[in-house]
Amino acid sequence: MFVIRLPNGNLRVPQSAIGQEGRVLGDVYVEIGPQDADYSRLAAQALTPEEVAQRRERWRADDEALRQEFLEYAKRQGDAGWPDSPADDS
């Protein structure tokens, strides 16, 4: 999750909800403005929504390239894939 700089100047900041037993219940984004004590620190690492989308798309492309590289390696080694996995459909 990223700190996202919104067009209005506020930041969308990730926050986790923790249960009484210390277990993470969920992750959400909260919006903070310049009046928040952590705004300056968080703004330094903030990305625009477009930059977040570009990073996600790049990761998807890189993940697919790595997946294909692994499948080719497995074929060269005579491996049919992970045990109990469906057959490769590529």
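Which residue forms a salt bridge with arginine 67, and how far apart are the closest N and O atoms? I start there, then work through the other charged pairs and the sheet; please keep in mind that this is a predicted model.

1. **Arginine 67 and its partner.** The partner is glutamate 64, and the closest N and O atoms of the pair are 3.3 Å apart. Both residues lie in helix 2, three residues apart, or about one turn of the helix. Arginine 67 is partly exposed at 35% relative accessibility, and glutamate 64 is also partly exposed, at 38%.

2. **The full set of salt bridges.** The structure holds three salt bridges. The pair above is one of them, and the next two points take up the others.

3. **Glutamate 57 and arginine 60.** Here too a salt bridge is formed, with the closest N and O atoms 3.6 Å apart. The two residues sit in helix 2, which covers residues 49–76, and because they are three residues apart they are separated by about one helical turn. Glutamate 57 has a relative accessible area of 48%, so it is partly exposed. Arginine 60 reaches 53% and therefore counts as exposed; the cut-off for that class is over 50%, so you may want to keep the number beside the label when you read this pair.

4. **Aspartate 38 and arginine 41.** The side chains of these residues meet in a salt bridge with an N to O distance of 3.6 Å. Aspartate 38 is partly exposed, with a relative accessible area of 37%, whereas arginine 41 is exposed, at 54%.

5. **The sheet.** Turning to the strands, there is an open sheet of three, in the order 1-2-3, and the pairing is antiparallel. Strand 1 (4–5) and strand 3 (24–32) stand at the edges; each has a single partner strand, so one side of each has no neighbour in the sheet. As a general reminder, strands of a sheet pair through backbone hydrogen bonds, in either a parallel or an antiparallel way.

6. **Where strand 1 meets strand 2.** Strand 2 covers residues 11–18 and runs antiparallel to strand 1, with two bridges joining them. Which residue of strand 2 is the bridge partner of arginine 5? That would be leucine 11. The pairing criterion is at least two bridges between strands, so with two bridges strands 1 and 2 count as a pair.

Technical notes: Residues numbered from 1 in each chain as written. Predicted model: local features only at pLDDT ≥ 70, side-chain atom pairs only at ≥ 80, totals over all residues. Heavy atoms only, no water. Salt bridge = Lys/Arg side-chain N within 4 Å of Asp/Glu carboxyl O. Buried < 20%, exposed > 50% of the residue type's maximum accessible area, 1.4 Å probe, protein only. Helix = DSSP H or I, 4+ residues; strand = E, 2+ residues; numbered from the N terminus.
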